Amino acid sequence: MAFKRYLGAAMSSLLLTGPAPAQTVEGPAVTACRSTGLVALQAQSSEITGLVFDAESLAISAADTKVEDVAVKTVILGEAYIERKGAAGKADRFVCLVGEKGKVLLTFFTAK
């Protein structure tokens, strides 16, 4: 009987605990990175029509650091599909740095 009670308590605690994400895939920092990244890419090539982040590859980390005297509050890493004329090719890697008040400081894309 004590084992059943212990097992029930253990199962309940597993259901109640778990990682609490700092931000969801649809959070404001991700949205800001996507929109500013798309604008930057479109400035380089008029063929680019869209930008899709691979939600499963995103690593969103809270940060408390600086680049010189500029505060970095969030770092987002992952894979993105750059759409050209409506079609997406293979995934590119990206990094996005977000500062205070959700301001995107850097969005950088590179081929795998």
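**A salt bridge, a disulfide and a nonpolar core**

At a relative accessibility of 32%, Lys73 counts as partly exposed. Here buried means under 20% relative accessible area, exposed means over 50%, and partly exposed is what lies in between, with a 1.4 Å probe and protein chains only. The model is predicted: local features need pLDDT of at least 70 and side-chain atom pairs count only at pLDDT 80 or more, while totals for chains, interfaces and linings use all residues. Residues are numbered from 1 along each chain as its sequence is written, and side-chain values use heavy atoms, with hydrogens and water left out.

Lys73 forms a salt bridge with Asp64, and their closest N and O atoms are 3.7 Å apart. A salt bridge is a side-chain nitrogen of Lys or Arg within 4 Å of a carboxyl oxygen of Asp or Glu. The structure holds one such pair. Its acidic partner, Asp64, is exposed, with a relative accessible area of 72%.

The structure also holds one disulfide, a term that stands for a pair of cysteine sulfur atoms within 2.5 Å. This disulfide joins Cys33 to Cys96, with an S to S distance of 1.9 Å. The angle about the S-S bond is -80°, and the link of Cys33 and Cys96 is left-handed. Cys33 lies in helix H2 (residues 28-44) and Cys96 in strand E5 (residues 92-98), so the bond ties together parts that are 63 residues apart in sequence. Helices (H or I, at least four residues) and strands (E, at least two) are DSSP runs, numbered from the N terminus. Both ends of the link are buried: Cys33 has a relative accessible area of 0%, and Cys96 has 0% relative accessibility.

Both cysteines belong to the largest nonpolar core, which has 17 residues; Cys33, Leu51, Phe53, Ile76, Phe94, Cys96 and Phe109 have the most contacts inside it. A nonpolar core is a set of buried Ala, Val, Leu, Ile, Met, Phe, Trp, Tyr and Cys residues joined through side-chain atoms within 4.5 Å. At least two residues of this core come from each of H2, strand E1 (48-53), strand E3 (70-84), E5 and strand E6 (104-111). H2 gives the most, with five residues. Beyond its neighbours within four places in sequence, Leu51 is in contact (heavy atoms within 4.5 Å) with Arg34, Gly37, Leu38, Leu41, Ala80, Tyr81, Ile82 and Phe109.

One of these partners, Tyr81, lies in strand E3 and is partly exposed at 30% relative accessibility. Not counting residues up to four places away in sequence, Tyr81 touches Gly50, Leu51, Val52, Asp54, Ala88, Gly89, Lys90 and Ala91. The C-alpha atoms of Tyr81 and Asp92 are separated by 6.2 Å, although the two residues are 11 residues apart along the chain.

Asp92 lies in strand E5. Asp92 is buried yet has no salt bridge; Arg84, the nearest side chain of opposite charge, is 5.1 Å away. For charge, Lys and Arg count as positive and Asp and Glu as negative, while His and the chain ends are not counted. Residues up to four places away in sequence aside, Asp92 touches Gly78, Glu79, Ala80, Ile82, Thr110 and Ala111.

Two loop residues remain. Glu68, in the loop between strand E2 (59-67) and E3, has a positive phi, near 55°, without being glycine. Glu68 is exposed, with a relative accessible area of 77%. Lys85, in the loop between E3 and strand E4 (87-88), also has phi near 55°, a positive value in a residue other than glycine. Lys85 counts as exposed at 66% relative accessibility.
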